[in-house]
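Student: I would like to learn how the labels on a protein structure are earned. Can we go through some of them, one by one?

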Amino acid sequence: MQMPDSIREYLQHDSVIVQSSWVEMRPNYVLGDETAPINFDVYKVNNFWIPADFDEDSLNALDYDNNPISFPDEVSDSLIKFSVQTDLTLNWLKKEVVDSLPENNGVMLKPDESSRKILGFQAITNVRHPDEPVMKIVYNVIGKKTDTLTQKLASDVHVITGEPEKLNSDNINLLADYAF
């Protein structure tokens, strides 16, 4: 996680309070019925995973909390936004300065059964893209200031599961997922 050295010092001295934190993702394509609703829950991931090797088998073996840590706050054609628990965010920040804390293995967005479309997002690149998913963290340094930190996501993977839709014999059905 990239952050100013001053925040690192405040974190080492337990002088940071996370007031709010959320993830913003801007859809850049839709597969399926564009008018269909989409709903998902957000789960904290408990085990290490490698984006390049992640597939449906990895998803089935993924260890994540049974209870969702968040739900979508906003779902529109141009923005998907969900909150992240402030204590979890603070632990992720502190992990950058305290090695003994648990690893940040990220979160998983799991659509519910009623979702009938797939939303695509700008992939993570080496160069900042305006539509790239970001996490925003509003924090307060006790007795000093309130500021906002905008963080790039470290990695992302999309995995498609389930049975492909039955098509007529004139069409080819393609089911794929890819991570790199």
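**Labels and their cut-offs**

Tutor: The protein chain has an accessible surface of about 11600 Å², and 48% of that belongs to carbon and sulfur atoms. Accessible areas come from the Shrake-Rupley method with a 1.4 Å probe; for residues, only the protein chains shown count as cover. This is a predicted model: local features need pLDDT of at least 70, side-chain atom pairs count only at pLDDT 80 or more, and totals for chains, interfaces and linings use all residues. Residues are numbered from 1 along each chain as its sequence is written, and side-chain values use heavy atoms, with hydrogens and water left out.

Student: What makes up the secondary structure of the protein chain?

Tutor: Three helices and nine strands. Helices (H or I, at least four residues) and strands (E, at least two) are DSSP runs, numbered from the N terminus. Along the sequence the pattern reads α-β-β-β-α-β-β-α-β-β-β-β.

Student: Why is Asp 14 called exposed?

Tutor: Set the value against the rule. Buried means under 20% relative accessible area, exposed over 50%, and partly exposed in between (1.4 Å probe, protein chains only). Asp 14 has 51% relative accessibility, so Asp 14 counts as exposed. Of the 180 residues in the protein chain, 31% count as buried.

Student: What makes Asp 14 and Lys 94 a salt bridge?

Tutor: A salt bridge needs a side-chain nitrogen of Lys or Arg within 4 Å of a carboxyl oxygen of Asp or Glu. The closest N and O atoms of Asp 14 and Lys 94 are 3.1 Å apart, and the pair forms a salt bridge. This pair links distant parts of the chain, 80 residues apart. Asp 14 is in the loop between α1 (5–12) and β1 (16–25), while Lys 94 is in helix α3 (residues 86–95).

Student: How many salt bridges does this rule give?

Tutor: Three. Another one joins Arg 26 and Glu 24, at 3.3 Å from N to O. Arg 26 has a relative accessible area of 30%, so Arg 26 is partly exposed. Glu 24, at 14%, counts as buried. Lys 95 and Glu 103 also form a salt bridge, with their closest N and O atoms 3.3 Å apart. Here Lys 95 is buried at 12%, and Glu 103 is exposed at 54%.

Student: How do you know that Lys 117 has no salt bridge?

Tutor: Look at the nearest side chain of opposite charge. Lys and Arg count as positive, Asp and Glu as negative; His and the chain ends are not counted. For Lys 117, that nearest side chain is Asp 77, at 5.2 Å. The limit is 4 Å, so the label does not apply. Lys 117 is buried all the same.

Student: Which backbone oxygens lie by the side chain of Lys 117?

Tutor: Those of Glu 34 and Ala 36. A polar atom of the Lys 117 side chain lies 3.1 Å from the oxygen of Glu 34. The side chain also reaches the oxygen of Ala 36 at 2.8 Å. Lys 117 itself lies in strand β7 (residues 117–121).

Student: What makes α3 mostly covered?

Tutor: Seven of its 10 residues are buried. Among them are Leu 88, Trp 92 and Leu 93. The cover includes α1, β1, β3 (40–44), β6 (107–111), β8 (134–141) and β9 (145–152).

Student: Is Asn 91 in helix α3 buried, exposed or partly exposed?

Tutor: Partly exposed, because its relative accessible area is 39%.

Student: Which residues form the nonpolar patch on the surface?

Tutor: Tyr 29, Leu 31, Ile 118 and Ile 160, with about 330 Å² of accessible area together. Patches take residues with over 30% relative accessible area and no salt bridge; like charges are joined within 9 Å, nonpolar side chains (Val, Leu, Ile, Met, Phe, Trp, Tyr) within 5 Å. Tyr 29 has 41% and Leu 31 has 46%. Each is partly exposed.

Student: What does Tyr 29 touch?

Tutor: Ile 118, Leu 119, Gly 120 and Phe 121, not counting residues up to four places away in sequence. Contact means heavy atoms within 4.5 Å. The C-alpha atoms of Tyr 29 and Gly 120 are separated by 5.0 Å, though these residues are 91 apart along the chain.

Conventions: Polar contact = N/O pair within 3.5 Å; in protein donor to acceptor, adjacent residues only side chain to side chain.
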